[in-house]
Amino acid sequence: MPKKRIIVGEDDEAIRKALSEFLQSLNYDVVEAANCAGIREAFCATSPDAAILDYSLPDGTALDLLPQLKQSYPSVPLILLTGNGTIQLAVQAIKEGAEQFFTKPAEMSAIAVVLERVLKNQRNHQKQLAGRAREKREKVDPFLGASAAIRELAGQVERVCLSDCPILIAGETGSGKGVLAKWLHDHSSRAEEPFVDLNCAGFGRELLETELFGHEIGAFTGAVQRKMGLLEVAQRGTAFLDEIGDMDLQVQPRLLKILEEKRFRRLGDTQERQLDVRLIAASHEDLAELVRHKKFRSDLYFRVSTITIRVPPLRERLEDIPILARYFFERIAVDLGRLHLTLSDQTMETITTYSWPGNIRELKNVIERAVLLASGETIRPRDLHLDFKGEPAADNHGSDLTLREVQRLHIQKVLDAERGNVARAAGRLGVTRSSLYNKMKTFGINTQRSQN
């Protein structure tokens, strides 16, 4: 790990040398300067991580330097030393951008503590900037396309994004429900607060409760430390509950009570806490149908579905497929360093006519795999490695099939391909095993047939 570089700007040689030796003993790389000109030169030549500057220098003061340094090197923390400290001078130095102000003789240990703190803050700030840049680069526009279906979705979402009402996002697996939920948060009045998401299908009852509500030490066997739940982490922000239709029936009443009373308790805790979050839920299941079959509470359904938004599958927005494909291709090619790669006309035709049962997620994954594994400079249809080439698309091919029949055929094909292994088939379809079993029961599909 490279050493952090610190500039020590001090005209008193004895103090400068003592401070330099102390910092070097703490494994810092030190660059010395004796005046303002030397400090400017050191900044230009060395790209420091922090600087410790004397206030009074032969050719000026630190206050003369501060505006210039903060403008050119805004992320570099500056610590000031002075032999004649006053409250007024300290206030002025802090206003000009100094992180800390010490009066000589300053304790070396105190300087070390402050230096460690400002460098840690600097690292955290840089990580946040890098994370935001990465998030911005990876962010997908949920309304990318020109179809009537996506324009209608955009218009509906823009009307409700500033509301604090709970929103239910309905749509098939892979259609972009999570992307839309994040967009809703980013364009809401809570955009500067946390966005926390949880996939309800990924946890059993006990784990789901502790993930949602948190727990105290000793709340159950294995609870050896306190844990904040998702709802507490999302305070004043947005909590996104993905696949809420798979939430355990025993957890649903507690979530309903919390949403109604806006108060909650961690597991094993007696203290109630105020809750201020916006709830966005999503499900690929028909929650109304689950309510009719008593697999989802009706009162919770009405609470989370104040506003319901349906995300259309790709087969309902065919004209958007080439737009999305080129968008993913261009971004992935840049990320993977394959800038000279192209898509052939035949490949685009294959992409456009394929049914995309996995929707946008499948399209993105197929493009990424093709960019990564293509051996030539052009992606050919064979490079797509599409799993279900023979499945009817939502155009003139197979237009006599109902949506229910297409779903049944697709599930049957996946089960056949996995030789009846429900766990692997569920993973391939992007649903939970319980959801797949429900679909199999609805469509009359059995694993014995799939193993033949």
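## Close-up views

**View 1. Arg205 is partly exposed here, with a relative accessible area of 26%.** Its partner in a salt bridge is Glu206, with 3.1 Å from N to O. Glu206 is exposed, at 51% relative accessible area. Here, buried means under 20% relative accessible area, exposed means over 50%, and partly exposed is anything in between (1.4 Å probe, protein chains only). A salt bridge is counted when a side-chain nitrogen of Lys or Arg is within 4 Å of a carboxyl oxygen of Asp or Glu. By that rule, the count comes to 25 salt bridges.

A quick note before you look further: this is a predicted model, where local features need pLDDT of at least 70 and side-chain atom pairs count only at pLDDT 80 or more, while totals for chains, interfaces and linings use all residues. Residues are numbered from 1 along each chain as its sequence is written, and side-chain values use heavy atoms, leaving out hydrogens and water.

**View 2. Arg266 and Glu232 form a salt bridge, with their closest N and O atoms 2.7 Å apart.** Arg266 sits in the loop between β13 (263-264) and β14 (273-274) and Glu232 in helix α9, so the pair ties together parts that are 34 residues apart in sequence. (Helices, H or I with at least four residues, and strands, E with at least two, are DSSP runs numbered from the N terminus.) Are these two residues buried or exposed? Both Arg266 and Glu232 are buried. They also belong to a network of salt bridges that links Glu216, Arg226, Glu232, Arg266, Asp269 and Arg273.

**View 3. Lys182 and Asp186 pair up in a salt bridge, their closest N and O atoms being 2.8 Å apart.** These residues are four apart in helix α7 (residues 177-186), which separates them by about one helical turn. Why does that spacing suit a pair? An α-helix has 3.6 residues a turn, so residues three or four places apart point the same way. Asp186 is partly exposed, at 23% relative accessible area.

**View 4. Helix α2 (residues 36-46) has Cys36, Ile39, Ala42, Phe43 and Thr46 buried.** They cover an arc of only 120° around the axis, which puts them on the same side of α2; the arc is that of the directions from the helix axis to the C-beta atoms. Over on the other side of α2, Glu41, Cys44 and Ala45 are exposed. Right after α2 comes Ser47, with a positive phi near 50°.

**View 5. Don't hunt for disulfides, as a search of the whole structure finds zero.** Cys36 is in none, and the nearest cysteine sulfur, that of Cys44, is 14 Å away. To count as a disulfide, a pair of cysteine sulfur atoms must be within 2.5 Å. For Cys165, the closest cysteine sulfur is 12 Å away, in Cys161, too far for a bond. Cys165 counts as partly exposed, at 31% relative accessibility.

**View 6. Here are a few backbone oddities, starting with the cis peptide bond from Lys104 to Pro105, with omega near -10°.** Most residues other than glycine have a negative phi, and most peptide bonds are trans. Pro105 is in the loop between β7 (100-103) and α5 (108-138). Asn27 isn't a glycine, yet has a positive phi of about 75°; look for Asn27 in the loop between α1 (13-25) and β2 (29-33). Arg236, also not a glycine, has a positive phi of about 70° and lies in the loop between α9 (230-233) and β12 (238-242).
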